[in-house]
Amino acid sequence: MNRVMLVGRLTAKPELRYTGSNVPYSRFTVAVNRTFSNNNGERETDFINCVIWRKQAENVCNYLDKGSLVSVEGRIQTGSYDDKDGNKRYTTDVVADSVQFLESRSQAQNRSNDVTPYDYQGDVPTNDVSVDEDPFADFGDSVSIDENFLD
């Protein structure tokens, strides 16, 4: 089985392109934080190349921008080609079946107004909480969950 699921942020605004037979597609890169820290206590990031086709490509290009939080589901596809110097180059892409937008436009605008846009050439900010901090300290004494939510 060849299935991939990613959650991350776009490194640039996707651009819509067309094949010779006029089929729309877009190539984009998703920055995905690793779930662990390196020896220096820093989180590393993987940059995953993706491609999406047809109407979903149009939607991705129309509604997403650099830094947009997305979920990508698809399959890995590998390939190779000879570059202009005759060297063999290998490629690995995620061919997306589905791209879900994980934040609203207002959330994205607030993010862009509140913080500097992500600079994927350098550090990627994380929301790590230290072991000594209680992330739920300001939530009150109890939490109630509606039973219908669990169905």
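**Exercise 1. Decide whether Glu103 is buried or exposed in this predicted model, and find which backbone atom its side chain reaches.**

Solution. Glu103 has a relative accessible area of 17%, and because buried means under 20%, Glu103 counts as buried. The next step is to place the residue along the chain: Glu103 is found in the loop between strand E6 and helix H2, the latter spanning residues 105-114. Turning to its side chain, one finds that it reaches the backbone nitrogen of Leu69 at 3.3 Å, and since the cut-off for a polar contact is 3.5 Å, this distance falls within the limit.

**Exercise 2. Work out how strand E4 is joined to E3 and to E6, giving the sense of each pairing and the number of bridges.**

Solution. Begin with E3 (residues 24-37) and E4 (residues 43-53), which pair in the antiparallel sense over 10 bridges; within this pairing, Asn33 stands opposite Thr45 of E4. The two strands form a hairpin with 5 residues between them, and in the turn Gly41 has a positive phi of about 80°. Next, follow E4 to E6 (residues 88-101), where the strands run parallel and are joined by 2 bridges. Here Cys50 has Val94 in E6 as its bridge partner, while Val51 stands opposite Val95 in E6.

**Exercise 3. Describe how E5 and E6 are joined, and identify the glycine with a positive phi in their turn.**

Solution. E5 and E6 run antiparallel and are joined by 13 bridges, with Val70 standing opposite Phe101 in E6. These strands form a hairpin that leaves 5 residues between them, and the glycine sought in the turn is Gly86, whose positive phi is about 85°.

**Exercise 4. Establish which residues have the most contacts inside the largest nonpolar core, and which elements contribute two or more residues to it.**

Solution. The largest nonpolar core has 16 residues, and Phe28, Val30, Val72 and Val99 are those with the most contacts inside it. Two or more residues come from each of E1, E3, E4, helix H1 (54-63), strand E5 (69-82) and E6. Taking Val99 as the example, and leaving out residues up to four places away in sequence, its contacts include Phe28, Ile52, Val60, Val70 and Val72, and also Gln56 and Ser71.

**Exercise 5. Determine whether Leu10 is buried or exposed, and how far its C-alpha lies from that of Gly67.**

Solution. Leu10 lies in strand E1, which covers residues 4-10, and its relative accessibility is 0%, so Leu10 counts as buried. Although Leu10 and Gly67 are 57 residues apart in sequence, their C-alpha atoms are 4.9 Å apart in space.

Key: Residues numbered from 1 in each chain as written. Predicted model: local features only at pLDDT ≥ 70, side-chain atom pairs only at ≥ 80, totals over all residues. Heavy atoms only, no water. Pairing = 2+ DSSP bridges. Helix = DSSP H or I, 4+ residues; strand = E, 2+ residues; numbered from the N terminus. Buried < 20%, exposed > 50% of the residue type's maximum accessible area, 1.4 Å probe, protein only. Polar contact = N/O pair within 3.5 Å; in protein donor to acceptor, adjacent residues only side chain to side chain. Core = buried A, V, L, I, M, F, W, Y, C linked by side-chain atoms within 4.5 Å. Contact = heavy atoms within 4.5 Å.
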